[in-house]
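User: I should like to go through the terms used for this structure and see the grounds for each of them. Please set every value against its definition.

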Amino acid sequence: MPYVSHVLGLAALALLAAAPPAAAADAWTVAPATGGTAGRPYIYAEGEGGTVLEDAVSVLNPGGAPLTVRLRGADDPGGVRSGPVGAGAWIGFARTTGGHRRAASAVSVTVPARTRADVPFTVSVPPGTTPGDHPGAIVAEAGGRSTAVRVRLRVGGPTLSALTVEHVSVGGGRISYELVNRGNTVLAPSLAVHADGLFGPLLDRPARTLPLDLPPGRRVTLSEPWRGTPALDAVQVRLTVTAAGGARDSASASARFVPWGAVAGTSGALAAAGAGLVVRRRGRGPRDGDAAPRRPWRRTRRPPDGDAGEPPRTEAELTGAVK
């Protein structure tokens, strides 16, 4: 019956609209395994040189088809280096080859649909490793997308917190500078900005924590916005950075603000005024008391024969140019 078919069609559409949408194939995630601690932002491991540390990451596949994920170790938290030489090279995954389980620098794991898989890994700290922080990462790649889980490894021993601020410059409405971690611990630096002009302070920003973690030996280029810079002033800018563990440093830079457009306009007006005075000076007529201008000397021609009694005429009169 047409009416029944129409009702059944509407009911099917309603069921489709009410059904939850299927998870996208690229909605997979990777995170530190809970292990009884929920919501770890990163993996933290601590040990002496020569020890082997163990942990795991969880790969969640919410899609409706199996997913193969490749895991590897990397030095940088972002996993941008392809050949790890630091903490990334110490990360290993268990892989079975020829019936034997061995540690590998990378492994591929197939996760069934709507399933979470915990993948264990180890961090083998070489003997004699320098004490301090050695950041690394576990990079996961699948379906043309990659993401990373940070690994913070601290090797026991004396630690040193030290950093420097370098290459401070002012221009384009910004204060640019570089931070360098000179110690062996990961730093979360804070920055304070102060600027003085000829007539007093211009900026006085209290210390605030920068949104970054600076690994040992790392250099990073940053900048601070400065809106409303003075139009005409000589400025001295001072940056002060601090971090946990007693790290502190400061650096300064000077800058001059000159309204070059106004200067160019003034110079053009003065030049135009000077040119006008010259033109007026050249164009004015003789005044009372000035000497009469001398007439230019002109050569006269000899009179023709028979006209000895006539006064000599100029060349211009002979040609008819002057009547």
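**Grounds for the terms used**

Analyst: Ser190 lies in strand β13, which covers residues 190-197. The model is a predicted one.

User: Why is Ser190 called buried?

Analyst: The relative accessibility of Ser190 is 14%. Buried means under 20% relative accessible area, so Ser190 counts as buried at its 14%.

User: How do you know that the side chains of Ser190 and Thr209 are joined by a polar contact?

Analyst: The distance for the side chains of Ser190 and Thr209 is 3.3 Å. A polar contact requires a pair of N or O atoms within 3.5 Å, one able to donate a hydrogen and the other to accept it. The pair Ser190 and Thr209 is therefore listed as a polar contact at 3.3 Å.

User: Which residues is Ser190 in contact with, leaving aside its neighbours within four places in sequence?

Analyst: They are Ala207, Arg208, Thr209, Leu210, Thr240, Val241 and Thr242. Thr242 also stands opposite Ser190 in β16.

User: What makes β13 and β16 a strand pair?

Analyst: Two strands pair if DSSP finds at least two bridges between them. Seven bridges join β13 to β16 (residues 233-243), so the criterion is met, and the two strands run antiparallel.

User: Why are β14 and β17 called edge strands?

Analyst: The open sheet has four strands in the order β14-β13-β16-β17, with antiparallel pairing. β14 (200-209) and β17 (247-257) each have a single partner strand, so one side of each is left without a neighbour in the sheet. Direction ignored, neighbouring strands of this sheet are turned by 10° against each other on average.

User: Is Pro225 in strand β15 buried, exposed or partly exposed, and what is the reason?

Analyst: Pro225 is found in β15, residues 219-225. Its relative accessible area is 26%. Buried means under 20% and exposed means over 50%, so Pro225, at 26%, falls between the two and is partly exposed.

User: What does Pro225 touch, not counting residues up to four places away in sequence?

Analyst: Pro225 touches Gly173, Arg174 and Arg205. In addition, the C-alpha atoms of Pro225 and Ile175 are 6.4 Å apart in space, although these residues are 50 apart in sequence.

User: How do you know that β11 and β12 pair?

Analyst: Seven bridges join β11 (residues 163-171) to β12 (residues 174-181). Pairing needs at least two bridges, so β11 and β12 qualify, in the antiparallel sense. Ser169 has Ser176 in β12 as its bridge partner. The hairpin of β11 and β12 has two residues between the strands, and Gly172 takes a positive phi near 65° there.

User: What makes β9 and β10 a pair, and how do they compare with β2 and β10 in the sense of pairing?

Analyst: At least two bridges are required. β9 and β10 have eleven bridges, so they pair, and the sense is antiparallel. β2 and β10 have five bridges, so they pair as well, but in the parallel sense. In β10, Val149 is the bridge partner of Ile138, and Arg152 is the bridge partner of Pro135. Tyr44 also stands opposite Arg152. β9 and β10 form a hairpin with two residues between them, where Gly143 in the turn has a positive phi of about 60°.

User: Why are β2 and β7 named as edge strands?

Analyst: The five strands of this open sheet are ordered β2-β10-β9-β4-β7, and the pairing is mixed. β2 and β7 each pair on one side only. The twist from one strand to the next averages 25°.

User: What makes a group of residues a nonpolar core, and which have the most contacts inside the largest one?

Analyst: The term requires buried nonpolar residues of listed types, joined through side-chain atoms within 4.5 Å. The largest such core has 29 residues, and those with the most contacts inside it are Val57, Leu71, Phe93, Phe121, Val123 and Leu153. Elements that give two or more residues to this core include β3 (52-61), β5 (91-97) and β8 (115-124). A second, separate core of 24 residues includes Leu179, Leu191, Ala247 and Ala255. In soluble globular proteins, nonpolar side chains tend to be buried together.

User: How much of the chain is buried?

Analyst: Buried residues make up 31% of the 323 residues.

Terms used:
Residues are numbered from 1 along each chain as its sequence is written. This is a predicted model: local features need pLDDT of at least 70, side-chain atom pairs count only at pLDDT 80 or more; totals for chains, interfaces and linings use all residues. Side-chain values use heavy atoms; hydrogens and water are left out. Buried means under 20% relative accessible area, exposed over 50%, partly exposed in between (1.4 Å probe, protein chains only). Axes are lines fitted to C-alpha atoms, for helices over the stretch in contact, and angles run from 0 to 180 degrees between N-to-C directions. Contact means heavy atoms within 4.5 Å.
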